[in-house]
Amino acid sequence: MKQDIHPDYHFITVTLTDGTTYQTRSTYGKEGATLALDIDPRVHPAWTGGNSQMLDRGGRVSRFNAKFAGFTAKK
């Protein structure tokens, strides 16, 4: 590896929205820095799947399902 071109990789503390913390290695800040997350990966819908529902506007989902109804994947 080339010398002096890579960022410093060190331990930081990550604080979740509920106050729990854990240690990880990162290039964020300096050794011992604390990163407070605004979005908690344990409860946010982006990571948990949430309660999202598929809306069928203009019959797009229905048309897609009808078009590919007979399609079976080869194994």
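**Exercise 1. The sheet**

Work out in which order the three strands of the open sheet lie, and which of them are edge strands.

*Solution.* In this predicted model, three strands make up an open sheet whose order is E2-E1-E3, and the pairing within it is mixed. The next step is to look for strands that pair on one side only, and these are strand E2 (21–26) and strand E3 (34–36), which are therefore the edge strands. From one strand to the next, the twist averages 35°.

**Exercise 2. The pairing of E1 with E2**

Determine how many bridges join strand E1 to E2, and whether the two run parallel or antiparallel.

*Solution.* It helps to recall that the strands of a sheet pair through backbone hydrogen bonds, either parallel or antiparallel. Strand E1, which covers residues 10–15, is joined to E2 by six bridges, and the two strands run antiparallel. As an example of such a pair, take Phe11, whose bridge partner in E2 is Arg25.

**Exercise 3. The surroundings of Val14**

Decide whether Val14 is buried or exposed, and find which residues it contacts beyond its neighbours within four places in sequence.

*Solution.* Begin by placing Val14 in strand E1. Its relative accessibility is 4%, and because buried means under 20%, Val14 counts as buried. Once the neighbours within four places in sequence are set aside, the contacts of Val14 are Thr20, Thr21, Tyr22, Thr24, Leu35 and Leu37. Finally, compare positions along the chain with positions in space: Val14 and Ala36 are 22 residues apart along the chain, while their C-alpha atoms are separated by 6.0 Å.

**Exercise 4. A surface patch**

Identify which residues form a nonpolar patch on the surface.

*Solution.* The patch consists of Phe64, Phe68 and Phe71, which together have about 360 Å² of accessible area. Of these, Phe64 can be located in helix H2, residues 60–67.

Conventions
Residues are numbered from 1 along each chain as its sequence is written. This is a predicted model: local features need pLDDT of at least 70, side-chain atom pairs count only at pLDDT 80 or more; totals for chains, interfaces and linings use all residues. Side-chain values use heavy atoms; hydrogens and water are left out. Two strands pair if DSSP finds at least two bridges between them. Helices (H or I, at least four residues) and strands (E, at least two) are DSSP runs, numbered from the N terminus. Axes are lines fitted to C-alpha atoms, for helices over the stretch in contact, and angles run from 0 to 180 degrees between N-to-C directions. Buried means under 20% relative accessible area, exposed over 50%, partly exposed in between (1.4 Å probe, protein chains only). Contact means heavy atoms within 4.5 Å. Patches are made of residues with over 30% relative accessible area and no salt bridge: like charges are joined within 9 Å, nonpolar side chains (Val, Leu, Ile, Met, Phe, Trp, Tyr) within 5 Å. Accessible areas come from the Shrake-Rupley method with a 1.4 Å probe; for residues, only the protein chains shown count as cover. A salt bridge is a side-chain nitrogen of Lys or Arg within 4 Å of a carboxyl oxygen of Asp or Glu.
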